[in-house]
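Work through the exercises below with the sequence and the model open. Each task is followed by a solution in steps.

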Amino acid sequence: MGDPPPYLQLQQIHKRFGKTVALENISLDVQAGEFLFLLGPSGCGKTTLLRIIAGLEEPTSGRIVQAGRDVTRLPASHRDFGIVFQSYALFPNLTVADNIAYGLKNQKLPKAQIAARVQELLRLVGLQGLDRRYPAQLSGGQQQRVALARALALSPGLLLLDEPLSALDARVRANLRGEITALQRRLGVTAIMVSHDQEEALTMADRIVVMDHGRIVQIGAPLEIYQHPATPFVADFVGQMNFLPGLVSGEGVGVFRTGPFALRVQGWQNHLPPGSEVMLAVRPEELRIEREHTGLGNVLLTEVRSVEFMGPHYRLLLHYRRHNDEQQPVSLIVHLPRHATMHHDLRVGAAVPVHAPADALRVFRLPPGAAS
Amino acid sequence: MTMRTAEERTLLLPHGRVRPVVTAEEWLRRLLLLLVVGFLLVGVLLPLVPLVARSLSDPEGRFVGPENYVRYFSSPGLVSSFVNSLTIATATTLLAVGLAFGYAWAIARTCMPGKGLFRAIALLPLFAPPLALAIGLVYLFGNKGLVTTGFFGFFERTLGLPLAYNIHLYGINGIILGELLYCFPQAFLILMVAASLADARLYEASMALKASPLRTFWVVTLPGMRYGLISAIFVCFTLAFTDFGVPKVVGGNFNVLATDIYKQVIGQQNFVMGATISILLLAPTGIAFVIDRIAQRRQMAVLTSRSVPLRPRPHRLIDTIALVYCSLIAAAILIVIGAVVYASFVDVWPYRLGLTLRHYDFRHVGGGGWAAYTNSLWMSFYSAFFGVTIVFLGAYIIEKSRTWPPLRHFAYFLSMISVALPGLVIGIAYIFFFNPKSWTIAGFAIPNPFAFLYGTMAILVLANIVHFYTVSFMTATTALKQIDSEFESVSASMRVPFYRTFARITLPLSLPAVAEIAMYLFVNSMVTVSAVIFLYSPQLRLASVAIVHMDEAGDTAAAAAMSVLIIAACLIARLVYTVVVHQLNRRTQAWRLP
Ligand SMILES: Nc1ncnc2c1ncn2[C@@H]1O[C@H](COP(=O)(O)OP(=O)(O)OP(=O)(O)O)[C@@H](O)[C@H]1O
Ligand SMILES: [Mg+2]
């Protein structure tokens, strides 16, 4: 019978605020039980998209189908979702229990049933015994758990989270990441979370939607996005990336030159005429420092600019010149495990050979007109 | 399973603009918005139409263009009133804003003792009708005043010193003094807020740069209070330019626009000229209003980052100067109000100084006596109750809903402009709008659906609510803005109707603001004269109007007694407010921020 139909379908969503275009042609399918991330820089339209999915904002055009039902024109109160905001948005004059029960009470359920459900939800988010407290008497992390419990109270088919962790400090944030993911898996609820934190997205998501300027740039599993970023923007936004300006070399398919160095890229199929300008990209942790310049392929001879201790590793800032008189040398960042530093001379100004493995290099064609 | 029904397939067709379904809840919001807009149209905007029309017509109702204005400006007597009003307003504004600036600065930025007391005294005139302040001046500086007669000749008799001093109260001196007392607390309130908003970091930076205190004042203090100053100037100018009470009592032969309107309408029944002068009264306040709005919009941009509140540091000399300065001003306010209270108990001023309660027996004077007082209490109560309901619902629907944006903006606009309408203008406009049994529009007679309101309590309440709408509205809007805007979103996601969230969350969180608005409406309805003097009916006399009539008839002691009653009612309202807010704070302590 084929794949089950997606739980949520967004079709050609456009959104304008007056003259500003907030979203442009967003089409997206979300599978039931999936944890999807909307990731992108500030102002790229993540919140707007989430609010459109919720019905809190109407799209200028487009279509939304949720659980087989066209909900495009329905206001939020007629849809099926729970929502958590960065500000928690807990009602300050209601206790934790009353906050969680807020939607349940409106359903005119029997009192005992409501109380039981509230207890169940409190257990779910690990806040047993705090039901008589007011939000102001809780820590930020606890407040966000209450918000989560409240969003789940009506057992919605869809859970929406708008940067729920960004107001919390680092340690609490790390704990809650794991808890939210575990909870989502356990309940099997379809979830969409907005974030501009790539690490959060990489650790929590089933799939990531990378957005920029109101458009979707790439959709994929975390590993796929990290390893095969579709554009330099994605490469730079998700994880760190070194960009080396290069030219297609005539020495064979998949060979490029950056200054005096030749770099072979594995799996490069595209036939560009020799001399075409490209951007070569490689992640800092994929680069390796060689003990000495062996003259083998894929090695760049660089000079040390600075060394920073980062805890688990050192961050080396290196550079090399493409011509002897180049004003702005090409910079390069390398992450070096702590124990590996003892074998190398890393004083500022020291010459260091760097190996860029052929299977770690990516090539981005420059958009027309971008060549400098 | 994956087969799509025909219906689903048609739904899949891409369609154009998305038009959300209008739910019953949305209709309810629309209805609420329409009611608010309707109220503001009838209360604020529409009554101005016949006012403008009248000023452009002859007494028979024929259109004559600007003829009335030409006539006004070619009558030297009338033009001098216009100039007089401008003079009074300018002088009062300079004095009131200048003095209040120093007073507010002393309270906010020095370590002098007794700040709470000084604050309370500065606000005291807010609880008295401007008429009462003028009567206090009469008892001090009038022909038989305490100062004019040298304490009734006391100094002359005992010390042989001619310490009597006549300031020639009746005329420009008296008006400016009275308006100063009337405007001072208003300017003080605004400047106090501005002075408290100061950012300590700016002062620290200035100190680190070793700037002299004087330079710090010019470079940091003044710019920081710029918008507060503009607002205070706008408020004082408008109040002094349009006030009726003070010139009525101590104006003598010095005519101003406000008293001219009263004479034209009440004295000569010349409604056309009354309308014309009203428009002239409106013009400068309208301009001041526009300037203030532009300035306040700028301020929004400035006040984005969070500032660190400034803690004043003790400084012997400055604190002493501040204390002396504030004591002098506070004493002046207390003496004027004290004079009213004292005079209301004195048997025959200044001949028999024994104390008596006979002036509180209003049976032998005009004005309506105790019945008028009771009417005023009820009117103020209704204004507070219905006013706070309408104001708060209006602010709520404008601030917290997404219904019909253009109409919401229009409602906001109407809510903001009422502050530019002087009470006298509201009063006259209401006569033209509510009194006729039918309106004549382009030759057609249309029955007036609101005519039944004329001469009732309802029109008095309406006039008061409209007169004091803007300040109340801004209080409500500020309170609502402090409530997380996502509460409505969260409630919708839980399918809780908006009115339940309003009742359960929004309203309880706003109760202090609600109490403040109700208190403000009550007090101002109690003390105001200008709007209601044209609208009360002989069956429904009012306390503040009674003061005018008693004073006109020479029953100054009775007028003082009525003033004291009004002040007492206002102070009690204020006390109730304080207790209510205190109780609220105690009850809600658990959920407010620790
Ligand atoms: N109500 C609105 N009126 C006008 N413009 C808006 C409105 N809401 C959002 N925008 C604009 O739409 C764009 C997308 O905003 P949005 O809030 O969706 O971004 P975001 O990706 O959530 O950013 P952030 O990470 O800062 O939260 C921005 O340019 C923003 O200025
Ligand atoms: Mg956002």
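The exercises deal with salt bridges, a surface patch and a ligand shell in this predicted model.

**Exercise 1.** Describe the salt bridge between A:E57 and B:R402, and classify each partner as buried, partly exposed or exposed.

Solution.
- Step 1: The side chains of A:E57 and B:R402 have an N to O distance of 3.4 Å. A salt bridge requires such a pair within 4 Å, so the contact qualifies.
- Step 2: The pair crosses between chains. A:E57 sits in the loop between α1 (46–54) and β4 (61–66) of chain A, and B:R402 in the loop between α17 (369–400) and α18 (405–417) of chain B.
- Step 3: Buried means under 20% relative accessible area. A:E57 has 12% relative accessibility and therefore counts as buried. B:R402, with a relative accessible area of 47%, is partly exposed.
- Step 4: A network of salt bridges links A:E57 and B:R402 with A:R51, A:E58 and B:E486. The structure holds 28 salt bridges over all chains.

**Exercise 2.** Find which parts of chain B are tied together by the salt bridge between B:K481 and B:E399.

Solution.
- Step 1: The side chains of B:K481 and B:E399 meet at 3.2 Å, N to O.
- Step 2: B:K481 belongs to helix α21 (residues 469–481) and B:E399 to helix α17, so the bridge ties together parts that are 82 residues apart in sequence.
- Step 3: B:K481 counts as exposed because its relative accessibility is 55%. B:E399 has a relative accessible area of 27% and is partly exposed.
- Step 4: For another salt bridge in chain B, take B:R62 and B:E60, at 3.9 Å, N to O. Both of these residues are exposed.

**Exercise 3.** Locate the nonpolar surface patch that includes B:W404.

Solution.
- Step 1: The patch is formed by B:V22, B:W27, B:L34 and B:W404, which together have about 370 Å² of accessible area.
- Step 2: B:W404 lies in the loop between α17 and α18 of chain B. At 30% relative accessibility, B:W404 counts as partly exposed.

**Exercise 4.** Characterise the shell around ligand 1 by class and by polar contacts.

Solution.
- Step 1: The shell has four nonpolar, six polar and two charged residues. Helix α1(A) supplies the largest share, three residues.
- Step 2: Oxygen atoms of ligand 1 lie 2.5 Å from a polar side-chain atom of A:S42, 2.7 Å from a polar backbone atom of A:G43 and 3.4 Å from a side-chain N or O atom of A:E163.
- Step 3: On its own, ligand 1 has 630 Å² of accessible area, of which the protein covers 57%.

Definitions and conventions:
Residues are numbered from 1 along each chain as its sequence is written. Chains are lettered from A and ligands numbered from 1 in the order in which they are written. This is a predicted model: local features need pLDDT of at least 70, side-chain atom pairs count only at pLDDT 80 or more; totals for chains, interfaces and linings use all residues. Side-chain values use heavy atoms; hydrogens and water are left out. Helices (H or I, at least four residues) and strands (E, at least two) are DSSP runs, numbered from the N terminus. Buried means under 20% relative accessible area, exposed over 50%, partly exposed in between (1.4 Å probe, protein chains only). Patches are made of residues with over 30% relative accessible area and no salt bridge: like charges are joined within 9 Å, nonpolar side chains (Val, Leu, Ile, Met, Phe, Trp, Tyr) within 5 Å. Accessible areas come from the Shrake-Rupley method with a 1.4 Å probe; for residues, only the protein chains shown count as cover. A polar contact is a pair of N or O atoms within 3.5 Å; within protein, one must be able to donate a hydrogen and the other to accept it, and residues adjacent in sequence count only if both atoms are side-chain atoms. Ala, Val, Leu, Ile, Met, Phe, Trp, Tyr, Cys and Pro count as nonpolar, Asp, Glu, Lys and Arg as charged, and the others, Gly among them, as polar.
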